[in-house]
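I opened my notebook to look up how the helices pack, where the cores sit and which charges pair up. Here is the model I had on screen, so please follow along.

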Amino acid sequence: MPERIILTGDRPTGRLHIGHYVGSLRNRVAIQNAGGYEKMFIFIADAQALTDNFDNPEKVRQNIIEVALDYLSVGLDPSKVTLFIQSQIPQLTELTFYYMNLVTVARLQRNPTVKTEIALRGFNAEGEEQAFGSGLPVGFFCYPISQAADITAFKATEVPVGEDQKPMIEQTVEIVRSFNRIYGETLVEPRAVLPTNAACLRLPGTDGKAKMSKSLGNCIYLAESADEMRKKIMSMYTDPLHINVSDPGHIEGNTVFTYLDAFCRDEHFGRYWPDYANLDELKAHYQKGGLGDVKCKRFLEKILNEEFEPIRARRKEYEKDIPAVYEILRKGGEVAEAAAQATLDEVKKSMRINYFNDKGLIEEQARRFTE
């Protein structure tokens with residue numbers, strides 16, 4: 001039975017938003033605080049971010065500290081988990097190279113996450129740019145293999161992710177099985193840990209779009225002030241048919257109610273809206289008619305402020321000593337590199353490319369040429 005090891009991370013292409021929070025960050029903190037695991041690794045995936053930001057490294061560089069501050073502000077504790085920067089662990093690159101022989105181009109093209117991301121960037125299924133340019137970078141196309149290296153390097157058994165990353169974990173399992181079949185039992189199969197609340201699987205943007213995305217500008221960021229959050233909540237997409245307060249309202253596709261599903265608990269009504277006992281009663285009134293969108297938005301605002309005010313406060317404290325935050329990442333990198341090197345040594349031994357560490361090989365070849 002393998003040790004229980006947790007690993008997950010985020011690309012530093014911008015500040016993290018509440019979609020990241022309900023999709024994975026909140027779950028990571030819960031796992032951390034519950035304990036019962038041997039090790040927990042949380043990393044900033046800057047090398048992966050460079051695969052589609054290779055011409056803008058400064059963007060990635062500047063966002064390292066933003067993501068680190070977001071991690072610390074939500075409650076990830078460097079005394080309990082290992083926080084590190086992906087590019088500072090060279091063993092991950094070497095593992096990626098070896099795993100490339102275990103995955104076909106066709107399989108990468110079928111990966112649903114890769115297909116979605118390719119389409120978002122204006123490429124067709126073959127990775128050819130539809131508008132202009134020279135095509136899809138190989139590094140970006142192969143980032144599922146890079147993710148497999150990240151996960152297996154630390155022998156992770158559980159990977160807390162959002163729903164959109166589930167195909168990546170499935171591909172990692174395929175790589176693990178292929179490697180173990182060819183070279184012998186070496187790598188550990190991971191499993192995806194998804195949010196149990198269905199509304200958290202993929203929180204929509206404030207504009208009602210299917211996905212909260214930094215590029216679409218429909219995010220509420222963890223680092224935003226209460227005033228900034230209020231403006232975005234008040235502009236949220238609701239029900240376009242709910243023109244008058246007396247009109248029956250629709251819950252499905254209504255962003256405000258999706259967010260309430262993700263954040264609201266029964267005790268919130270006692271504190272902020274005692275007219276209702278729970279969210280089901282509120283939904284019933286809205287669907288019947290006679291309840292305005294603004295009241296629902298103000299209720300949501302109070303709930304989100306209760307959730308995120310402690311996060312804002314922690315962030316302000318960490319912002320006072322940025323060198324200390326970088327030191328947390330540096331020390332975490334030392335721990336992570338040692339763990340990754342141990343796995344790489346095992347991989348090279350299984351692949352029979354550990355030439356200088358195999359004394360038996362050297363002695364055998366010596367006898368071969370002297371006898």
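**Entry 1: H11 against H14.** I started with helix H11 (residues 255-263) and helix H14 (residues 293-319), which pack at an angle of about 35 degrees with their axes 10 Å apart. The axes are lines fitted to C-alpha atoms, for helices over the stretch in contact, and the angles run from 0 to 180 degrees between N-to-C directions. I noted the crossing of H11 and H14 as left-handed, meaning that the near helix is turned anticlockwise from the far one by less than a right angle. Helices (H or I, at least four residues) and strands (E, at least two) are DSSP runs, numbered from the N terminus.

A note on provenance: this is a predicted model, where local features need pLDDT of at least 70 and side-chain atom pairs count only at pLDDT 80 or more, while totals for chains, interfaces and linings use all residues. Residues are numbered from 1 along each chain as its sequence is written, and side-chain values use heavy atoms, with hydrogens and water left out.

**Entry 2: who touches whom.** Which residues of H11 meet H14? I found Val256, Phe257, Tyr259, Leu260 and Phe263 on the H11 side, and on the H14 side Cys296, Lys297, Phe299, Leu300, Ile303, Leu304, Glu307 and Phe308. Contact here means heavy atoms within 4.5 Å. Sorted by type, the residues of this contact are 11 nonpolar, no polar and 2 charged. The sorting counts Ala, Val, Leu, Ile, Met, Phe, Trp, Tyr, Cys and Pro as nonpolar, Asp, Glu, Lys and Arg as charged, and the others, Gly among them, as polar.

**Entry 3: how covered is H11?** I checked burial next, and 8 of the 9 residues of H11 are buried. Buried means under 20% relative accessible area, exposed over 50%, and partly exposed in between (1.4 Å probe, protein chains only). The buried set is Thr255, Val256, Phe257, Thr258, Tyr259, Leu260, Ala262 and Phe263. Their cover includes helix H1 (18-34), helix H12 (266-272), helix H13 (279-288) and H14.

**Entry 4: the cores.** The largest nonpolar core has 58 residues, and Leu260, Phe263 and Phe308 are among those with the most contacts inside it, together with Ile18, Tyr21, Tyr71 and Leu282. Helix H3 (residues 57-74) gives the largest share of this core, 8 residues. A core of this kind is a set of buried Ala, Val, Leu, Ile, Met, Phe, Trp, Tyr and Cys residues joined through side-chain atoms within 4.5 Å. I followed Ile18 outward: leaving aside neighbours within four places in sequence, Ile18 is in contact with Leu203, Met212, Ile220, Leu222, Tyr259, Phe263 and Phe308. A second, separate core of 41 residues includes Phe43, Tyr98, Ile118 and Ala336.

**Entry 5: salt bridges.** How many salt bridges does the whole structure hold? My search gave 23, each being a side-chain nitrogen of Lys or Arg within 4 Å of a carboxyl oxygen of Asp or Glu.

- Glu158 and Arg4 meet at 2.6 Å, N to O. Glu158 is in strand E4 (residues 158-160) and Arg4 in the segment before strand E1 (5-10), 154 residues apart. Glu158 counts as buried because its relative accessibility is 8%, whereas Arg4, at 26%, counts as partly exposed.
- Arg312 pairs with Glu309, the closest N and O atoms being 2.7 Å apart. Both lie in H14, 3 residues apart, about one turn of the helix. Arg312 is buried at 8% and Glu309 is partly exposed at 39%.
- Glu327 and Arg330 meet at 2.6 Å, N to O. Both lie in helix H15 (residues 322-350), 3 residues apart. Glu327 is partly exposed at 31%, and so is Arg330, at 43%.
- Glu66, Asp70, Arg315 and Glu319 are linked in a network of salt bridges.

**Entry 6: stepping back.** I counted 16 helices and 5 strands in the chain. The C-alpha trace spans about 95 × 45 × 40 Å along its principal axes. Of the 371 residues, 49% are buried. Among contacts between residues at least 6 apart in sequence, 75% join residues at least 24 apart.

Last, I looked at Asp275, in the loop between H12 and H13. Asp275 is exposed, with a relative accessible area of 61%. The C-alpha atoms of Asp275 and Glu327 are separated by 50 Å, with their positions 52 residues apart along the chain.
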